[in-house]
Amino acid sequence: MFGSSDAGLKTALSDWDSDMGSTERLKDSTDTLLNGNRGDQEGAQRLARRLYHLEGFRRSDVAKHLGKNNDFSKMVAEEYLTFFEFTGMTLDQSLRSFLKAFALIGETQERERVLIHFSNRYYQCNPTVISSQDGAHCLTCALMLLNTDLHGHNIGKKMTCQEFINNLEGLNGGQDFPRELLKALHNSIKNDKLEWAIDGDELKKSLSELADNKDNKSITRISSGSNPFLDIAHDPNAAVYKTGFLARKIHADMDGKKTPRGKRGWKTFYAVLKGMILYLQKDEYKAEKALSEEDLKNAISIHHALSIKAVDYEKKPNVLKLKTADWRVFLFQAQSPEEMDSWIRVVNSVAAMFSAPSFPAAIGSQKKFSRPLLPATTTRMSQEEQLKSHEAKLKHVSTELAEHRSYPPDRKVKAKEIDEYRLKEHYLEFEENRYEMYVKLLREGVKELLIGKDGDAGLKKSQSSPSLNQEGQPAAAKVKRNTSERRPETPSKVT
């Protein structure tokens with residue numbers, strides 16, 4: 001890895017200044033980056049103009065000035081986007097034009113904020129093409145993920161146009177996007193992948209500088225993120241929904257692979273469900289105490305997860321089973337039947353309330369089966385919109401499961417094809433159960449259940465996206481993503 005000290009960051013900034021031959025540039029970049037709230041509208045306009053025309057800046061410098069979580073950076077981003085005229089252009093044409101102007105690199109949260117600014121500008125220029133800003137942002141995210149699916153490395157099955165359409169059902173404010181619009185977008189990305197405008201030397205230098213920032217000893221990270229929508233950030237100010245002692249047993253690793261025997265033992269932790277992350281700590285929770293690397297390593301993101309009573313595990317009482325988005329399986333023993341039921345309900349309620357819609361997916365009629373990508377970012381929908389989205393997803397999954405079962409494989413086919421059929425059936429059964437639970441809980445209303453210790457403020461705080469909230473916190477760690485483009489193992493008994 002690269003250097004991990006403050007000196008490394010200073011050296012990188014010095015290199016920037018030397019390369020650009022401008023002390024003014026170094027002053028602008030550090031002042032606006034570190035003390036952004038001092039700026040005003042005129043300052044934002046000046047910086048936006050210089051960023052757009054690359055006056056003293058590289059393409060790889062732009063995103064960090066647009067994606068910070070402060071008022072000045074937001075003003076700069078809004079001013080920067082005014083240089084782009086998207087009126088009359090399709091979403092994919094606009095996105096291509098936007099991405100050619102600079103390099104979309106940087107922190108996960110920063111990249112997502114930049115795309116939100118893009119989505120808002122596109123909607124502003126084309127208010128009749130897509131019905132809302134959220135709809136524009138949803139489609140923008142979908143195109144980024146579709147690009148990864150169709151053109152990324154190590155992905156076997158490519159998403160068809162019909163799959164793309166099916167998995168955006170109900171995501172346009174509870175309605176469907178126009179079918180012809182989605183077909184045109186899919187074909188565009190399929191025939192011509194999205195490109196970033198940056199040369200090799202710039203990219204190498206930028207990634208080096210980014211690594212120096214990431215390795216600063218004041219920031220501890222556990223991350224694997226290359227796609228802006230697949231990592232979830234640790235938010236130290238998220239609401240705490242439940243705490244208590246739990247014994248944990250790891251039953252299955254990623255993609256349902258059986259955990260090796262030596263790693264399956266029971267261990268007791270003090271569990272803290274904070275935001276969408278279940279932290280497993282050695283000691284009781286203290287709000288002011290920083291999380292250790294071990295705490296972060298043990299943490300589990302519960303987006304798109306499902307918790308149920310482990311009825312097929314009889315060795316211990318009060319055991320619940322938690323299955324995550326990447327199909328890891330954990331067993332937890334609570335201290336009483338009431339505590340077990342409470343953990344199950346609270347975990348499922350948080351997952352139902354805050355998990356972002358799973359656009360796009362990789363399910364189809366092809367023999368080789370892959371699960372969909374499940375974004376770890378928090379939903380931007382209201383509770384009512386979230387319910388409609390879950391209901392649409394439940395209807396879609398139930399229909400697909402019925403169709404799947406109506407065409408079982410012939411007994412004469414190869415064993416591998418039968419395994420593929422069973423894997424897909426198992427996946428669809430699990431998804432049907434998950435969405436049934438989510439719909440049930442949201443129909444009952446989860447607001448009172450999810451109110452944090454500080455009352456309504458706790459709920460509101462948790463509703464803000466972990467990937468969009470809080471900048472520059474002392475423990476800005478990321479939990480290992482619970483997403484997968486991999487194919488699952490054949491399910492074992494506890495699934």
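Here are a few worked exercises on the predicted model above.

Residues are numbered from 1 along each chain as its sequence is written, and side-chain values use heavy atoms, with hydrogens and water left out. As this is a predicted model, local features need pLDDT of at least 70 and side-chain atom pairs count only at pLDDT 80 or more, while totals for chains, interfaces and linings use all residues.

**Exercise 1: two helices and a core**

Work out which residues of helix 5 and helix 6 are buried, then find the residues with the most contacts inside the largest nonpolar core.

Step 1. Get the terms straight. Buried means under 20% relative accessible area, exposed over 50%, and partly exposed in between (1.4 Å probe, protein chains only). Helices (H or I, at least four residues) and strands (E, at least two) are DSSP runs, numbered from the N terminus.

Step 2. Take helix 5, which is largely enclosed by the rest of the structure because eight of its eleven residues are buried. The buried ones are Phe72, Ser73, Met75, Val76, Ala77, Glu79, Tyr80 and Leu81.

Step 3. Go on to helix 6 (residues 91-100), where seven of ten residues are buried. They are Leu91, Asp92, Ser94, Leu95, Arg96, Phe98 and Leu99.

Step 4. Now the core, meaning a set of buried Ala, Val, Leu, Ile, Met, Phe, Trp, Tyr and Cys residues joined through side-chain atoms within 4.5 Å. The largest one has 49 residues, and Tyr80, Phe98, Phe102 and Leu168 have the most contacts inside it. Among the elements giving two or more residues to this core are helix 5 (71-81), helix 6 and helix 8 (133-151). Helix 8 gives the most, with eight residues. Another core, of 36 residues, lies apart from it and includes Ala239, Ile250, Met276 and Leu387.

**Exercise 2: a lysine in a strand**

Is Lys242 buried or exposed, and which side chains does its own side chain make polar contacts with?

Step 1. Place the residue: Lys242 sits in strand 2 (residues 240-252).

Step 2. Check accessibility: with a relative accessible area of 11%, Lys242 is buried.

Step 3. Look for partners. A polar contact is a pair of N or O atoms within 3.5 Å; within protein, one must be able to donate a hydrogen and the other to accept it, and residues adjacent in sequence count only if both atoms are side-chain atoms. The Lys242 side chain makes one with the side chain of Glu339 (3.1 Å) and one with that of Ser342 (3.1 Å).

Step 4. Widen the search to any contact (heavy atoms within 4.5 Å). Leaving aside neighbours within four places in sequence, Lys242 touches Ala271, Val272, Leu273, Glu339, Ser342, Trp343 and Val346.

**Exercise 3: positive phi**

Compare the settings of Leu54 and His304, two residues other than glycine with positive phi.

Step 1. Leu54 has phi near 55° and belongs to the loop between helix 3 and helix 4. Its relative accessible area is 26%, so Leu54 is partly exposed.

Step 2. His304 has phi near 60° and is in the loop between strand 5 (300-301) and strand 6 (306-309). At 3% relative accessibility, His304 is buried.
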